[in-house]
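Here is a walk through one protein chain and the things bound to it. Have the sequence and the 3D view open as you read.

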Amino acid sequence: MKKIILPNIYYSNGLLIGNNVEKVVRKIKDLNGLFDDEASLNKIDPDTIVYEVSSHLEEKEGREGGLFFGITYLYPGKVGNEYFMTKGHYHAKIDRTEYYWGIEGEGVLILMDEDRNVCGEKIFPGSLHYIKSGIAHRVANTGTQILSFGACWPSDAGHCYDTIAKNGFSARLREINGTAVLEDSKKLLYV
Ligand code: PAN
Ligand code: ZN
């Protein structure tokens, strides 16, 4: 008779529990330069949590052939008229792809190619998003509750934050007249 064992990782009541789970917390004070309305930013408590990520990192970072799994919890909120969002990144190995899927709440996945063409996809419970090679990705919460989404990416993908930190995305997701609008960024540094 062969053994049937319990898994060592659970996704239960919205939480990832088990071995090799690591949690990252991103507060307003950790996100310098992310939001463009500095006057509004200065009115927000720097310890306000914008998002948390729980990841199951079973593999060694950089190993080819493995996968990582993470759940992001993005809080509702705005800085001025710009929605709370993740930093956003390209993968360090630029051709590495990723799945995102919506779990709870609502928002927009903002995608940008290397020529800085941007588009947005709505995220909602059950939505599935395949992020192709060479595409920077960021999520903004457009709702009034936590937006949580899953992610699965190759363990050799890595994260490149520098390009986005320096040049941003070419569009920002703002609430204008009560609607989420992906507006061209005024900081177009590629001109
Ligand atoms: C996700 C992201 C997560 C947080 O797991 O890392 O949503 O966003 P930032 O990394 O941009 O802060 C992912 O895309 N992994 O590759
Ligand atoms: Zn990614």
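## The first hairpin

Let's start with strand β1 (residues 9-12), which runs antiparallel to β2 and is joined to it by four bridges. Keep in mind that this is a predicted model. Along this pairing, isoleucine 9 sits opposite glycine 18 in β2. Two residues lie between the strands of this hairpin, and asparagine 13 there has a positive phi near 50°.

Now for leucine 16, which belongs to strand β2. Is leucine 16 buried or exposed? Its relative accessibility is 10%, and anything under 20% is called buried, so leucine 16 counts as buried. Setting aside residues up to four places away in sequence, leucine 16 touches a list of residues that includes Ile9, Tyr10 and Tyr11, along with Val21, Ser54, Ser55 and His56. Phe69, Ile71 and Tyr73 are on that list too. If you want a long-range reference point, the C-alpha atoms of leucine 16 and proline 125 are 17 Å apart, with 109 residues separating the two along the chain.

## Histidine 56 and its neighbours

Histidine 56, one of the contacts of leucine 16, is part of strand β4 (residues 49-56). With a relative accessible area of 13%, histidine 56 is buried. Its side chain makes a polar contact of 2.9 Å with the side chain of glutamate 58.

What else does histidine 56 contact, leaving aside neighbours within four places in sequence? Ile9 and Leu16 are among them, and so are Asn19, Asn20 and Val21. Phe68 and Phe69 are also in contact with histidine 56.

## Two loop residues with positive phi

Most residues other than glycine have a negative phi. Asparagine 20 goes the other way, with a positive phi near 60°. You'll find asparagine 20 in the loop between β2 (15-18) and β3 (21-27). Asparagine 20 is partly exposed, at a relative accessible area of 40%.

Arginine 116 also has a positive phi, about 70°, without being a glycine. This one lies in the loop between β9 (107-112) and β10 (118-123). Arginine 116 counts as buried, because its relative accessibility is 9%.

## The zinc site

Which residues coordinate the zinc ion (ligand 2)? His89, His91 and His137 each do so through NE2, and Glu98 does so through OE, at 2.1 to 2.3 Å. Along the chain, these donors follow the spacing H-x1-H-x6-E-x38-H. Glutamate 98 in strand β8 (residues 98-104) and histidine 137 in strand β12 (residues 136-141) make a pair that links distant parts of the chain, 39 residues apart. Both glutamate 98 and histidine 137 are buried.

As for geometry, the site of the zinc ion (ligand 2) is octahedral, with angles of 73 to 171° among its six donor atoms.

## Around ligand 1

How many residues surround ligand 1? There are 16, and the closest are Tyr51, Thr72, Gly88, Tyr100 and Tyr161. At glycine 88, a polar backbone atom is 2.8 Å from an oxygen atom of ligand 1.

Two of the zinc-coordinating histidines, His91 and His137, turn up here as well. A polar side-chain atom of histidine 91 is 3.2 Å from an oxygen atom of ligand 1. For histidine 137, an N or O atom of the side chain lies 3.3 Å from an oxygen atom of ligand 1.

Notes
Residues numbered from 1 in each chain as written. Chains lettered and ligands numbered in written order. Predicted model: local features only at pLDDT ≥ 70, side-chain atom pairs only at ≥ 80, totals over all residues. Heavy atoms only, no water. Buried < 20%, exposed > 50% of the residue type's maximum accessible area, 1.4 Å probe, protein only. Contact = heavy atoms within 4.5 Å. Donors = N, O, S within 2.8 Å, 3.2 Å for Na, K, Ca; no water. Tetrahedral: all angles 85-135°; square planar, octahedral: opposite > 155°, others 65-115°. Pairing = 2+ DSSP bridges. Near = heavy atom within 4 Å. Polar contact = N/O pair within 3.5 Å; in protein donor to acceptor, adjacent residues only side chain to side chain.
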